[in-house]
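Work through the following exercises with the sequence and the model side by side. Each task is followed by a solution that proceeds step by step.

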Amino acid sequence: MFDRIARLFTITTKFEAFMVIYGLGLGATERGAHYLRDYPGVGGWMLFAVCPVAVFMAGARILESVERNGQ
């Protein structure tokens, strides 16, 4: 039973990986928008820029692991 539930949270295809990355990207830009509101000026823009960079790094790792496990 636990295996069936765990399978729901396992990313197995590239399509699923891209959907997860898309969700992470939406959340990162929303957080960046809050940073711009809370920290006006250069500091807010720097924090905004860091949010998508973290998604790029996580997305690369997710895609790499999906490709490696698919072979």
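**Exercises on a predicted model**

**Exercise 1.** Classify Phe-9 as buried or exposed, and then place Phe-9 in its surroundings.

*Solution.* The structure is a predicted model, and the classification begins with the relative accessible area of Phe-9, which is 70%. Because the term exposed applies to values over 50%, Phe-9 counts as exposed. As to its location, Phe-9 is found in the loop between α1 (2–8) and α2 (14–38). The last step concerns its neighbours on the surface: Phe-9, together with Met-1, Ile-5 and Leu-8, makes a nonpolar surface patch of about 550 Å².

**Exercise 2.** Determine how many aromatic pairs the structure holds, and assign a geometry to each.

*Solution.* The structure holds two aromatic pairs. In one of them, Tyr-35 and Tyr-39 lie 6.3 Å apart from centre to centre, with 40° between the planes. Planes under 30 degrees apart would count as stacked and those over 60 as edge-to-face, so the remaining angles are called tilted, and the pair of Tyr-35 and Tyr-39 is accordingly tilted. Tyr-35, with a relative accessible area of 23%, is partly exposed, and Tyr-39, at 45%, also counts as partly exposed.

The other pair joins Trp-45 and Phe-48, whose ring centres are 5.9 Å apart and whose planes meet at 75°, so this pair is edge-to-face. Because Trp-45 and Phe-48 are three residues apart in helix α3, about one helical turn separates them. Trp-45 is exposed, with a relative accessible area of 53%, whereas Phe-48 counts as partly exposed at 24%.

**Exercise 3.** Identify which residues form the largest nonpolar core, and establish which helix gives the most to this core.

*Solution.* The largest nonpolar core has seven residues, namely Ala-17, Ile-21, Ala-28, Cys-51, Val-55, Ile-62 and Val-66. Turning to the helices, one finds that α2 and α3 each supply at least two residues of this core, and that α3 gives the most, with four residues. To see the packing around one member, consider Val-55: when residues up to four places away in sequence are not counted, Val-55 touches Ile-21, Leu-24, Gly-25 and Ala-28.

**Exercise 4.** Locate Gly-43, and state what distance separates its C-alpha atom from that of Thr-29.

*Solution.* Gly-43 is found in helix α3, which covers residues 42–70. With a relative accessible area of 40%, Gly-43 is partly exposed. Finally, Gly-43 and Thr-29 are 14 residues apart along the chain, and their C-alpha atoms are separated by 16 Å.

Note on methods. Residues are numbered from 1 along each chain as its sequence is written. This is a predicted model: local features need pLDDT of at least 70, side-chain atom pairs count only at pLDDT 80 or more; totals for chains, interfaces and linings use all residues. Side-chain values use heavy atoms; hydrogens and water are left out. Buried means under 20% relative accessible area, exposed over 50%, partly exposed in between (1.4 Å probe, protein chains only). Patches are made of residues with over 30% relative accessible area and no salt bridge: like charges are joined within 9 Å, nonpolar side chains (Val, Leu, Ile, Met, Phe, Trp, Tyr) within 5 Å. Accessible areas come from the Shrake-Rupley method with a 1.4 Å probe; for residues, only the protein chains shown count as cover. A salt bridge is a side-chain nitrogen of Lys or Arg within 4 Å of a carboxyl oxygen of Asp or Glu. Rings of Phe, Tyr and Trp (its six-membered ring) pair if their centres lie within 6.5 Å; planes under 30 degrees apart count as stacked, over 60 as edge-to-face and the rest as tilted. A nonpolar core is a set of buried Ala, Val, Leu, Ile, Met, Phe, Trp, Tyr and Cys residues joined through side-chain atoms within 4.5 Å. Contact means heavy atoms within 4.5 Å.
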